[in-house]
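Visitor: I've got a model open and would like a quick tour. Could you take my questions as they come?

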There are 2 protein chains.
Amino acid sequence: MTRETNAPYSYDGLDRVIHEKARLGIMTSLIGHPKGLSFADLKRLCGLTDGNLSRHLQVLEETGLVRIDKSFEGKRPLTTCRLTGEGRARFLDYLAELERVVRDAADVAEISDRDPLLNPRGA
Amino acid sequence: MTRETNAPYSYDGLDRVIHEKARLGIMTSLIGHPKGLSFADLKRLCGLTDGNLSRHLQVLEETGLVRIDKSFEGKRPLTTCRLTGEGRARFLDYLAELERVVRDAADVAEISDRDPLLNPRGA
């Protein structure tokens, strides 16, 4: 993308669907659990309310990143959430871009710390 | 925070003001330029329109993360944006949390890749 070349800090690869803070927690929880996680486990891991988790899962399901299966454990309904193949691939791409943000910022913050003229408090 | 202990993926440290994708680009641009950047330079570095950049700068100024000075270069008005001390400190905290997200995800993604029972396509 030309825009990205001209604008090194536009971070076009930060997919907004994934970047939202709660959804980032959901995706991180799910990538470590290929067999899926129950709604209750996800809720606990991400510190979300029922309503918030439902709303964010719906966005992730509609965009094809997460699959949601409803079944029964004995007589109790069980909701299982897992990443789709596309969800996993897109999340790994997102993480690569996130790593670039961290690296960019660390690089430039270090340069300005090291230059006493630019930052008199720097080491 | 108890909530954070119970919910390892809640990422409470991801300050929403900074986490927004365009503002993340602005903060990254500014942390490398302690003397500040002109509105025009920021616009180019972040690939934003005038309207978008103005709107996001206003949020960052209102929350005390960025200082905006208006002066003249000859007869031309010049807008200079720079991080405040608080902005710099809060951005470094944010980056530490962002690094944790990248590390968490890399750790769990690696574990699930390595387990052929969990991920038959894994290496």
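Visitor: To start, how many helices and strands are there in chain A?
Guide: Keep in mind that this is a predicted model. From the N terminus on, the elements of chain A run α-α-α-β-α-α-β-β-α. Tallied up, that is 6 helices and 3 strands.

Visitor: What share of chain A counts as buried?
Guide: A residue is buried here if 20 or more other C-beta atoms lie within 10 Å of its own. Chain A has 123 residues, and the part of them that counts as buried is 32%.

Visitor: In what order do the strands of chain A form their sheet?
Guide: The edge strands are β1 (37–38) and β2 (66–73) of chain A, each pairing on one side only. β3 (residues 76–83) of chain A is joined antiparallel to β1(A) by 2 bridges, and 8 bridges, antiparallel again, join β2(A) to β3(A). The sheet is open, and its order is β1-β3-β2.

Visitor: Which residue of β3(A) is the bridge partner of Leu37(A)?
Guide: Look in β3(A), which is joined to β1(A). On the β2 side, Ile68(A) has Cys81(A) as its bridge partner. For Leu37(A), the partner in β3(A) is Cys81(A).

Visitor: Which helix packs on that sheet?
Guide: This helix of chain A touches β2 and β3 of chain A. Its direction makes about 120 degrees with that of β2(A). You'll find it at residues 50–62: helix α5.

Visitor: Which residue in the turn of the β2(A)–β3(A) hairpin has a positive phi?
Guide: There are 2 residues between β2(A) and β3(A). One residue in the turn has a positive phi of about 65 degrees, and that is Gly74(A).

Visitor: Over in chain B, what is the bridge partner of Glu73(B)?
Guide: Strands β2 (residues 66–73) and β3 (residues 76–83) of chain B pair in the antiparallel sense over 8 bridges. Their hairpin has 2 residues between the strands, with Gly74(B) at a positive phi near 65 degrees. Glu73(B) finds its partner in β3(B), namely Arg76(B).

Visitor: Why do the buried residues of α4(B) end up on the same side?
Guide: Helix α4 of chain B spans residues 39–46, and its buried residues are Leu42(B), Leu45(B) and Cys46(B). They sit on the same side of α4(B) because the arc they cover around the axis is only 85 degrees.

Visitor: And what covers those buried residues of α4(B)?
Guide: Just after α4(B) comes Gly47(B), with a positive phi of about 60 degrees. The cover over the helix's buried residues comes from several elements of chain B, including α3 (21–31), β1 (37–38), α5 (50–62) and β3.

Visitor: Which residues have the most contacts inside the largest nonpolar core?
Guide: That core has 54 residues. Take Cys46(B): leaving out residues up to four places away in sequence, it touches residues of chain A, including Ala7(A), Tyr9(A) and Ser10(A), and of chain B, including Ile26(B) and Leu53(B). Those with the most contacts inside the core are Leu30(A), Cys46(A), Leu30(B) and Cys46(B).

Visitor: What turn lays chain B on chain A?
Guide: The fit has an RMSD of 0.0 Å, with a shift of 0.0 Å along the axis. That is the relation of a two-fold axis. The turn is 180 degrees.

Visitor: Which helix of chain B gives the most to the side that touches chain A?
Guide: The contact takes 36 residues from each of chain B and chain A. Helices α1 (2–6), α2 (16–19), α3, α4 and α6 (85–114) of chain B each supply at least two residues of that side. Also, 100% of the interface residues of chain B are interface residues in chain A too, so the copies meet through the same surface. With 11 residues, the one that gives the most is α6(B).

Visitor: Last one: is Leu95(A) buried or exposed?
Guide: Leu95(A) lies in helix α6 (residues 85–114) of chain A. Beyond residues up to four places away in sequence, Leu95(A) touches Val102(B) and Ala105(B). The cut-off for burial is 20 or more other C-beta atoms within 10 Å. Leu95(A) has 22 C-beta neighbours inside 10 Å, so it counts as buried.

Key: Residues are numbered from 1 along each chain as its sequence is written. Chains are lettered from A and ligands numbered from 1 in the order in which they are written. This is a predicted model: local features need pLDDT of at least 70, side-chain atom pairs count only at pLDDT 80 or more; totals for chains, interfaces and linings use all residues. Two strands pair if DSSP finds at least two bridges between them. Helices (H or I, at least four residues) and strands (E, at least two) are DSSP runs, numbered from the N terminus. Copies are superposed by least squares on the C-alpha atoms of residues with pLDDT of at least 70 in both. Two residues are in contact if their C-beta atoms, placed from the backbone, lie within 7 Å. Axes are lines fitted to C-alpha atoms, for helices over the stretch in contact, and angles run from 0 to 180 degrees between N-to-C directions. A residue is buried if 20 or more other C-beta atoms lie within 10 Å of its own, exposed if 12 or fewer, and partly exposed in between; C-beta atoms are placed from the backbone. The arc is that of the directions from the helix axis to the C-beta atoms. A nonpolar core is a set of buried Ala, Val, Leu, Ile, Met, Phe, Trp, Tyr and Cys residues joined through C-beta atoms within 7 Å.
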